[in-house]
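Please examine the sequence and the three-dimensional structure shown below before reading on.

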Amino acid sequence: MLLTVTTTHRPATDLGYLLVKHPDRMQSFDVPTGTAHVFYPEADEQRCTAALLLDVDPGRLTAARGRHRGRPTAAMPGSFTLSQYVNDRPYAASSLLAAALAKVFRSALRGQSRDRPELVDVALPLTVRVPVLRCRGGAALADRLFAPLGWTVTARPIPLDERFPEWGDSRYVDLTLTGTLRVADALNHLYVLLPVLDDAKHYWIAPDELDKLLRAGDGWLAGHPERRLITRRYLAHRRILAQQAEDQLAEAQAAQLRLSDAAVEPDSIESDSVEPDGVGPDSGDPDDAPSRPRPLAATRRAAVLAVLAEVGASRVLDLGCGGGALLTELLAQPRISEIVGTDVSARALELAARRLRLDRLPPRQQQRVRLWQSALTYRDDRLRGFDAAVLMEVVEHLDPPRLPALAESVFGHARPGTVVVTTPNVEYNVRFDGMTPGTLRHPDHRFEWTRAEFAAWAGQVATTYGYQVTYRPVGEVDPQVGPPTQLAVFTRDGARAGADGAVGVGGAR
């Protein structure tokens, strides 16, 4: 089976640096199902083509499929003895080719190039061809999978027999993709989607396959219109794994939307670009500067920091930290000795690291901050034992059926001494220009609570997990509709009380 990648980027031989394979020599790699060869049919300044050829050994393939827990091959699901030797695996691109691609181009998939690191973020004109690809769903499915990722797709069905056109088409296509993309992105698309089109993986699906999918799909799979089909097929229709993937990808999509410059709340008071006191860096004399309202985002962070100071928290979690706006302010608090930011999106964590300038911080400061990829709806033992956790404008991005899982992972498993939760007050939305009753502030908000609804949820969580809860307004309080943001402080029973005027579990304000 064969896959080729061609570029007309100048100089085209830069492709060799990105694939970490030299154009002047052929290289061979032993893989569990045979031997993978990499060579360049053409390589000059104007045009360069790299080819991956997988020579499948049917005997080794049979042994690989029968290796699961020492079971004989015939015990594998959906298998029978003769099918292990009489099949299309040596000829048609499938999950076998994706597995070989992952081993041979490991550095390229990760976006690493030791000799030319500046190239990894450059989008190149690329043409990818897979001459024979098993495609369960036909050419139309290939287009549905690759076109949303920026590819122009040509999928020519291969007839059963060209001598007898009346027999119709086979299940195979000749696939050509053209587009301008990063090489790492192109390879990750292929790594995930070749097995999806094949819909018949050649090996047993273990739980770590979910991690592989999320890693390869980072930055593109969460927002893909065929996400459910992709996760289901990639994970070989393992229902539990597919549901876990869907949950984490939904969180990742919400994180990506939170990072979008276009997805902001309805007026400029939410913009972090406005100086906190309404004075820009070039405004001259502060006394002469025009008065501007303080951004609600800044007011919200100040309210959270005030709670953390009151409870004396020194080890703090920022759950769903996004691009790191709160993390930068936590880092500026000398009393906080340990700061952990978590997000399901690797891209969000990259932006947070850049915002914090982690690579430029003094060693002592670097040791105070850690960034972890973690899903809020799954237990993570690393998050246990902290003084406080913050969920700032996070809960409303989850589908309501997932809120119990979040409560269990944060309040039931991690169990910090204090939990600070902020969320929009939907009643206040009518005070924003252009917003009508029932309109939500953000395109990815799954819901927005009234004050009574928020109190009901918070009270139930507090009762279930042994916390006391108090409430505070954030922003200017309107006498009819309340504050723009509502904040709850959960204090674990037996831990230090977090606020004056505390009320009982689930009590009224």
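The questions that follow concern helix packing, salt bridges and burial in this predicted model.

Q: How do helices H5 and H6 run relative to each other, roughly parallel or roughly antiparallel?
A: Helix H5 covers residues 138-146 and helix H6 covers residues 183-198; they pack at an angle of about 150°, with their axes 11 Å apart. An angle over 145 degrees counts as roughly antiparallel. H5 is therefore, with respect to H6, roughly antiparallel.

Q: Is the crossing of H5 and H6 left-handed or right-handed?
A: The two helices pack with their axes 11 Å apart. The handedness of the crossing of H5 and H6 is right-handed.

Q: In the contact of H5 with H6, how many residues are nonpolar?
A: On the H5 side, the residues are Leu141, Ala142, Leu145 and Phe146, and they meet His189, Leu190, Leu193, Val196 and Leu197 in H6. By class, this contact of H5 with H6 has no charged residues and one polar residue, and the number of nonpolar residues is eight.

Q: Which residue of the salt bridge between Arg382 and Asp380 is buried?
A: The closest N and O atoms of Arg382 and Asp380 are 2.8 Å apart, and a salt bridge requires such atoms to be within 4 Å. Arg382 has a relative accessible area of 38%, which makes this residue partly exposed. For the other partner the relative accessible area is 12%, and buried means under 20%. The buried residue is therefore Asp380.

Q: How many residues apart in sequence are the parts that Asp399 and Arg446 tie together?
A: The side chains of Asp399 and Arg446 meet in a salt bridge, with an N to O distance of 2.9 Å. Asp399 lies in the loop between strand E11 (388-392) and helix H14 (403-414), whereas Arg446 lies in the loop between strand E12 (418-424) and helix H15 (451-465), so the separation in sequence of the parts tied together by the pair is 47 residues.

Q: Does Arg446 count as buried or partly exposed?
A: Its partner Asp399 is partly exposed, with a relative accessible area of 34%. The relative accessibility of Arg446 is 28%, so Arg446 counts as partly exposed.

Q: In which loop does Arg431, the salt-bridge partner of Asp478, lie?
A: Asp478 and Arg431 form a salt bridge whose closest N and O atoms are 2.9 Å apart. Asp478 lies in the loop between strand E13 (467-474) and strand E14 (485-492), and the pair ties together parts that are 47 residues apart in sequence. The loop that holds Arg431 is the one between E12 and H15.

Q: Which of Asp478 and Arg431 is buried, and which is partly exposed?
A: Asp478 has a relative accessibility of 16%, so Asp478 counts as buried. Arg431 has a relative accessibility of 37%, so the partly exposed residue is Arg431.

Q: How many salt bridges does the structure hold?
A: Among the residues joined by salt bridges, Asp14, Arg116 and Glu118 are linked in a network. For the structure, the number of salt bridges is 27.

Q: How many of the eight residues of helix H8 are buried?
A: Helix H8 spans residues 227-234 and is mostly covered. Its buried residues are Arg227, Leu229, Ile230, Thr231, Arg233 and Tyr234. Of the eight residues in H8, the number buried is six.

Q: How far apart in space are Gln365 and Glu338, C-alpha to C-alpha?
A: Gln365 is found in helix H13, residues 363-366, and counts as partly exposed at 24% relative accessibility. Gln365 and Glu338 are 27 residues apart in sequence, and their C-alpha to C-alpha distance is 9.7 Å.

Technical notes
Residues are numbered from 1 along each chain as its sequence is written. This is a predicted model: local features need pLDDT of at least 70, side-chain atom pairs count only at pLDDT 80 or more; totals for chains, interfaces and linings use all residues. Side-chain values use heavy atoms; hydrogens and water are left out. Axes are lines fitted to C-alpha atoms, for helices over the stretch in contact, and angles run from 0 to 180 degrees between N-to-C directions. Helices (H or I, at least four residues) and strands (E, at least two) are DSSP runs, numbered from the N terminus. Angles under 35 degrees count as roughly parallel, over 145 as roughly antiparallel, 65 to 115 as roughly perpendicular and the rest as oblique. A crossing is left-handed if the near helix is turned anticlockwise from the far one by less than a right angle, and right-handed if clockwise. Contact means heavy atoms within 4.5 Å. Ala, Val, Leu, Ile, Met, Phe, Trp, Tyr, Cys and Pro count as nonpolar, Asp, Glu, Lys and Arg as charged, and the others, Gly among them, as polar. Buried means under 20% relative accessible area, exposed over 50%, partly exposed in between (1.4 Å probe, protein chains only).
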